[in-house]
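The following exercises concern a predicted model. Each task is followed by a worked solution, to be checked against the coordinates.

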Amino acid sequence: MQPPSRRDFVSLTVTDSGGYTNGKQRRQSCWRKWKQLSRLQRSLILFVLALLLIGGIATYPRLSAHSGGSEGKQPFVVDMKNQARLALPEPPSEVSVTHLLTTSNSVYFHMLSFFDHSWRGAVIEAECSVLDLYFLINISLSPAESRLEAVREAFRHAWKGYKDFAWGHDELKPVSKSHSEWFGLGLTLIDALDTMWILGLKEEFQEAREWVDKELSFNKNVDVNLFESTIRILGGLLSTYHLTGDVLFLEKAKDIGSRLMPAFSTPSKIPYSDVNIGKGTAHPPRWTSDSTVAEVTSIQLEFRELSRLTGDPKYQAAVMEVMRQVHKLEGKQDGLVPMFINTNSGQFTHLGIYTLGARADSYYEYLLKQWIQGGKKETELLEDYLQAVEGVKKNLLKKSSPLGLTFVGELSHGHFSPKMDHLVCFLPGTLALGAHHGLDAEHMELAKQLMETCYQMYAQMETGLAPEIAHFNMQTGSAQDVDVKLADRHNLLRPETVESLFYLYRFTKDKKYQNWGWEILQSFNKYTRVETGGYTSINNVRDPKNPSPRDKMESFFLGETLKYFYLLFSDDPNLVSLDKYVFNTEAHALPIWPQAE
Ligand code: DMJ
């Protein structure tokens, strides 16, 4: 057994090297060791074993029931707060009584916290007789490792639900143990591919690869949304290709990419929202000829990369034409764009409403990220981004009461509304990324302020989970900064805050960002985890007694939220280096183009 890596990491095991069942030999060896100990040592051990036995017996049935039955004698750690079970890779194989003796104070300390359920990482595997008792206390996982393992465990749990009830379909409905179809293309599976790779879940990845190889076909008479299928499917396949080097994913990416191209055949060259990938036809939604600004300006990273990989410039040309037109359009306010654009005229419509939330959000994100992707040479993109940040500062930033949180509101025909979508929480991360790539240090200061606000959108809710939309109080004397309207109380397992926490932690190394993320992960586990597998979006973040499951696990929970949790808890700056990759708006990593090009 390895010595504990920290004083408070103690292992007490009574085992043998050959397994768990050869009682006689082990008993003899333990008995010999036992007799060599002093009376004080024996009393101490007996005292701790008695405590462990009581705690283990009291806790085991509940934990075992929660975790869905027995896995034989495979040791496992239990995260007491989340009631989650983390399997240990290898059974320990040595007696380590000395560790107990030399660090008995910390053992005692941990036993206390174990009993009041505040310590995450107690042990649990008890058998009948004292000498057969097999206890493992804490295990040598460092806090960082155990957080990473908790994310892997959450992913496995989500994946189990998807595998059992929704395999090959778009989304899991974890409560009804069924699935829903959007495009009929295995959306969750594709969105999750690179997450599995990054988390090191090789078996799960191989199964999914097998499905992509054998089952995934884009030759289907289905309408897909251009933006959603670009960011999730094309982005997911390209990212997985880059991380793994497996050309299967590149071939699939080329296939879907070329099938999406009919969307650009419009009078204005501003693409339609929907494409039939089987028939090769495209159309706007039934009720309008408008497209959403965020949608037509957040497909560029993926199509540009497809051109670079295939050597065919048509993909890049189509999406850059959109950027060229949007760059010079009338109707912006200080760099802020309206939410709609017409596919016939190529003009903005519904002028006068400005938001960093739904329908505009990723326009701003992709200005910066395209500039980074292309090696920081495309100055128009940078200019538009910098102007937009100034536009946000001038028109949309205000402070709340009582905490004085900086938030981003909305402007409607000159009227300010203190409404902030959770979607806006991508902004701290994007601002921090820009500062990392050499933009004004003030951007980082603003990023930090907004990060605190996004965290408070979670912390001030009774479940610890943010609502879809928050309204900020600005009157002095308000009791709370964040108000939530009845219709806005849902949480869809969205990633934006965790995403920004990841960027902020990467660049500042301030542990508070990891700790905030840890709190959020625990809240997800407490209120959205479905026992039989999967996580569900919920209707009411203000009612911990009845958060009211909506019975849907969005693909971005696996594609983005869990991936960003993992990256947040990792201290390795080279785990998807931000100097080599840029994440698309669905958290799929695309390479920053080599400078020589
Ligand atoms: C994801 O599909 C993407 O992050 C997109 O940019 C916004 N909406 C969801 C997640 O909230």
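**Exercise 1. The surroundings of the ligand**

Task: Identify which residues surround the ligand, and which side chains among them place a polar atom 2.6 Å or 2.7 Å from a ligand oxygen.

Solution.
Step 1. List the neighbours. The ligand in this predicted model is surrounded by Ile231, Arg232, Leu423, Arg494, Pro495, Glu496, Phe556, Glu560, Thr585 and Glu586.
Step 2. Examine the glutamates. The side chain of Glu496 has an N or O atom 2.6 Å from an oxygen atom of the ligand. For Glu560, the corresponding separation from a ligand oxygen is 2.7 Å.
Step 3. Examine the threonine. A polar side-chain atom of Thr585 also lies 2.7 Å from an oxygen atom of the ligand.
Step 4. Apply the cut-off. A polar contact requires N or O atoms within 3.5 Å, so the pairs formed by Glu496, Glu560 and Thr585 qualify.

**Exercise 2. The largest pocket**

Task: Describe the volume of the largest pocket, the elements that supply its lining and the division of the lining into residue classes.

Solution.
Step 1. State the volume. The largest pocket encloses about 1000 Å³.
Step 2. Locate its centre. Of the 41 lining residues, Phe227, Glu228, Glu295, Ala358 and Arg359 lie nearest the centre.
Step 3. Assign the lining to elements. At least two residues each come from α8 (226-244), β9 (290-292), α10 (293-296), α13 (361-373), β17 (419-421), α17 (496-508) and α19. Helix α8 gives the most, with 4 residues.
Step 4. Classify the lining. It comprises 19 charged, 14 nonpolar and 8 polar residues.

**Exercise 3. Salt bridges and sequence separation**

Task: For the salt bridges Lys163 to Glu207, Glu171 to Lys552 and Asp312 to Lys314, report the separation of the atoms and the accessibility of each partner.

Solution.
Step 1. Begin with the total. The whole structure contains 31 salt bridges. Side chains of opposite charge can pair when their charged atoms come close.
Step 2. Take Lys163 and Glu207. Their side chains meet in a salt bridge with an N to O separation of 2.5 Å. The pair links distant parts of the chain, with Lys163 in helix α5 (residues 143-165) and Glu207 in helix α7 (residues 202-214), 44 residues apart. Lys163 has a relative accessible area of 36% and is therefore partly exposed; Glu207, with 29%, is likewise partly exposed.
Step 3. Take Glu171 and Lys552. The closest N and O atoms of this salt bridge are 3.5 Å apart. Glu171 belongs to strand β4 (residues 171-173) and Lys552 to the loop between α18 (511-527) and α19 (555-569), so the bridge ties together parts that are 381 residues apart in sequence. Glu171 is buried at 2% relative accessible area, whereas Lys552 is partly exposed at 27%.
Step 4. Take Asp312 and Lys314. The closest N and O atoms of this salt bridge are 3.7 Å apart. Asp312 is partly exposed at 26% relative accessibility, and Lys314 is partly exposed at 40%.
Step 5. Look for a network. Salt bridges link Arg209, Glu210, Asp213, Lys214 and Asp246.

**Exercise 4. Backbone geometry**

Task: Determine where the cis peptide bond occurs, and give the setting of Lys376 and Asp551, whose phi values are positive.

Solution.
Step 1. Recall the usual geometry. Most residues other than glycine have a negative phi, and most peptide bonds are trans.
Step 2. Find the cis bond. It joins Ser401 and Pro402, with omega of about 10 degrees. Pro402 is in the loop between β13 (397-399) and β14 (406-408).
Step 3. Place Lys376. Its phi is positive, about 60 degrees, although Lys376 is not a glycine. Lys376 lies in the loop between α13 and α14 (379-395) and is partly exposed, at 37% relative accessibility.
Step 4. Place Asp551. This residue, also not a glycine, has a positive phi of about 65 degrees. Asp551 is found in the loop between α18 and α19 and is buried, with a relative accessible area of 13%.

**Exercise 5. A buried loop residue**

Task: Is Phe183 buried or exposed, and what distance separates its C-alpha atom from that of Val224?

Solution.
Step 1. Locate the residue. Phe183 is in the loop between β5 (178-180) and α6 (187-199).
Step 2. Judge its accessibility. Buried means under 20% relative accessible area; Phe183, at 3%, therefore counts as buried.
Step 3. Give the distance. The C-alpha atoms of Phe183 and Val224 are separated by 5.7 Å, while the two residues are 41 residues apart along the chain.

Methods. Residues numbered from 1 in each chain as written. Predicted model: local features only at pLDDT ≥ 70, side-chain atom pairs only at ≥ 80, totals over all residues. Heavy atoms only, no water. Salt bridge = Lys/Arg side-chain N within 4 Å of Asp/Glu carboxyl O. Buried < 20%, exposed > 50% of the residue type's maximum accessible area, 1.4 Å probe, protein only. 1 Å grid on protein atoms, 1.4 Å probe; cavity = no way out; pocket = protein on both sides within 12 Å on 5 of 7 lines; lining within 4 Å. Points joined across faces, edges and corners; volume = space filled by probe spheres on them. Nonpolar A, V, L, I, M, F, W, Y, C, P; charged D, E, K, R; others polar. Near = heavy atom within 4 Å. Polar contact = N/O pair within 3.5 Å; in protein donor to acceptor, adjacent residues only side chain to side chain.
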